[in-house]
Amino acid sequence: MKASAFNYARATSVVNALELLVAHGDKAKVLSGGQSLMPAMNLRLISPELIVDIGEIAELRGIAVRGGALIIGALTRHVDLLKSPEVAAHAPLLTEAIAHVAHPAIRNRGTIGGSLAHADPASELPACMIALNATIIVRSQIGERRIAAGDFFTGVYETVLSAQELLIAVELPVARKSSVHFFHEFARRHGDYAIAGLAAQAIVLGDVFTDLRMVLFAVGDRPVLARSAEKLIDVVVTPALLSDASAALGEELDPPEDQQASASMRRHLAKVLLARCVSTLLGRPDLDVGGSV
Ligand code: FAD
């Protein structure tokens with residue numbers, strides 16, 4: 001199938017892109033890497049009247065470290081994140097996760113802004129943004145909004161972005177020296193969307209978590225920051241405590257059922273991920289009691 005006929009405008013600046021978005025409202029769609037937008041148009045799941053191509057706006061591209069924050073422009077491609085020494089040094093969770101996003105051909109075009117705006121609940125980057133406590137920066141003609149990643153995703157392919165707003169950049173606090181991370185996903189093949197996945201960032205002092213942000217993906221309509229994991233902070237984790245946290249996680253999740261997995265399989269995989277994450281980050285193989293896959 002081919003996309004319905006549409007008009008095309010190449011935005012010359014952020015100001016120009018915002019003018020186009022205001023003039024055309026929800027009949028317009030922003031084009032970044034096109035790796036999600038074009039398949040959706042070709043399948044006629046969406047038929048925008050105007051495509052606003054922001055691909056040439058240089059100010060939206062790039063990675064910088066400023067004042068204790070890693071700032072990543074919306075047009076920064078997955079491949080740029082994967083190869084960035086700044087990302088590897090200050091947000092190594094992201095470097096590890098990005099290797100699981102699709103395949104090189106898609107990573108060469110797909111962008112961080114596109115991935116976050118698209119808000120696929122099985123995507124790796126939205127979960128990482130919440131685990132890393134990122135701020136998502138969006139701009140409209142009225143001004144700039146800074147949105148905590150945890151408040152950004154509202155449902156399957158849904159965010160708080162309005163049709164008149166552009167995602168500009170993300171800002172991540174640089175990882176503290178004592179911080180550790182964990183990333184794992186279950187997928188049919190490497191590069192496929194996950195059936196269940198977990199991105200986590202933590203601080204471990206001695207054998208205790210003093211901070212733990214565990215975010216599950218592909219197990220709900222948006223990434224889920226596991227509240228049940230908070231039970232594991234500031235205490236010595238015992239198998240019994242981990243088992244409590246695992247049961248609470250099962251209650252907390254409401255996973256979808258589809259051709260890939262039942263809800264109960266996703267819930268089981270989430271518990272396996274929780275146990276692996278805790279056991280890996282604390283260096284305690286005795287805690288990896290989440291069961292087999
Ligand atoms: P586009 O396709 O250009 O845009 C996506 C959506 O976001 C559109 O609605 C667009 O209007 C909007 N948008 C884009 N940029 C902005 C902006 N700056 N401000 C406001 N709105 C904006 N992704 C994964 O996470 N994991 C995977 O395993 C994975 N596998 C894939 C496999 C295949 C075969 C394909 C085709 C894609 C896969 N993807 C996967 C998706 C890929 O990562 C996309 O690149 C990404 O989701 C969208 O980024 P993009 O730059 O291509 O955005």
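In the predicted model, L253 is placed in the loop that links α10 (239-252) to α11 (263-282). Its relative accessibility is 3%, and L253 is therefore classed as buried, the cut-off being under 20%. Beyond its neighbours up to four places away in sequence, L253 touches V219, V224, R267 and A270. A17 lies 236 residues from L253 along the chain, and the C-alpha atoms of the two residues are 38 Å apart.

The chain is divided into three parts: domain 1 (7-53), domain 2 (58-173) and domain 3 (179-287). Between the centres of domain 1 and domain 3, taken over C-alpha atoms, the separation is 36 Å.

A17 belongs to helix α1 (residues 14-24), where the buried residues are V14, N16, A17, L18, L20 and L21. The elements covering these buried residues of α1 include β1 (7-10), β2 (28-31), β3 (50-53), β6 and β10. Just after α1 comes G25, with a positive phi of about 55°.

The largest nonpolar core comprises 40 residues, and those with the most contacts inside it are I72, L94, L116, M129, I136 and L172. At least two residues of this core are supplied by each of β5 (69-73), α5 (92-98), α7 (112-118), α8 (124-131), β6 (135-139), α9 (149-152), β10 (166-173) and β13 (208-217). The greatest contribution is that of α8, which gives six residues. Both domain 2 (58-173) and domain 3 (179-287) are represented, each with at least three residues in this core. A second core, separate from the largest one, has 34 residues, among them A196, L212, A229 and L242.

The surroundings of L116 illustrate the packing in the largest core. With neighbours within four places in sequence set aside, L116 is in contact with L125, P126, M129, I136, F152, F153, T159, L167 and V170. Two of these contacts, M129 and I136, are themselves listed with L116 among the residues with the most contacts inside the core.

Helix α8 is largely enclosed by the rest of the structure, because eight of its eight residues are buried. These residues are E124, L125, P126, A127, C128, M129, I130 and A131. The helix is followed by N133, whose phi is positive and near 60°.

Positive phi values in residues other than glycine occur in the loops on either side of α8. In the loop between α7 and α8, A119 has a phi near 55° although this residue is not glycine. A119 is buried, its relative accessible area being 4%. In the loop between α8 and β6, N133 likewise is a residue other than glycine with a positive phi, here near 60°. N133 has 43% relative accessibility and so counts as partly exposed.

L161 occupies the loop between β9 (158-159) and β10. With a relative accessible area of 22%, L161 is partly exposed, since the buried class ends under 20%. Apart from neighbours within four places in sequence, L161 is in contact with A117, V138, R145, F152, L166 and L167. R145, one of these contacts, is 16 residues from L161 along the chain, and 9.9 Å separate the C-alpha atoms of the pair. F152 and L167 are contacts of L161 and are also found among the contacts of L116.

The ligand is surrounded by 29 residues, of which the closest are V30, S32, L37, T111 and S123. Polar atoms of K29, L167 and G191 also approach the ligand. A backbone N or O atom of L167 is found 2.9 Å from a nitrogen atom of the ligand. For G191, a polar backbone atom lies 3.3 Å from a ligand oxygen atom. In the case of K29 the side chain is involved, with an N or O atom 3.4 Å from an oxygen atom of the ligand. The ligand taken alone exposes 980 Å², and 88% of that is buried by the protein. L167 thus combines a backbone approach to the ligand with contacts to L116 and L161.

Technical notes:
Residues are numbered from 1 along each chain as its sequence is written. This is a predicted model: local features need pLDDT of at least 70, side-chain atom pairs count only at pLDDT 80 or more; totals for chains, interfaces and linings use all residues. Side-chain values use heavy atoms; hydrogens and water are left out. A nonpolar core is a set of buried Ala, Val, Leu, Ile, Met, Phe, Trp, Tyr and Cys residues joined through side-chain atoms within 4.5 Å. Buried means under 20% relative accessible area, exposed over 50%, partly exposed in between (1.4 Å probe, protein chains only). Helices (H or I, at least four residues) and strands (E, at least two) are DSSP runs, numbered from the N terminus. Domain bounds come from an automatic or database domain assignment. Contact means heavy atoms within 4.5 Å. A residue is near a molecule or strand if one of its heavy atoms lies within 4 Å of it. A polar contact is a pair of N or O atoms within 3.5 Å; within protein, one must be able to donate a hydrogen and the other to accept it, and residues adjacent in sequence count only if both atoms are side-chain atoms. Accessible areas come from the Shrake-Rupley method with a 1.4 Å probe; for residues, only the protein chains shown count as cover.
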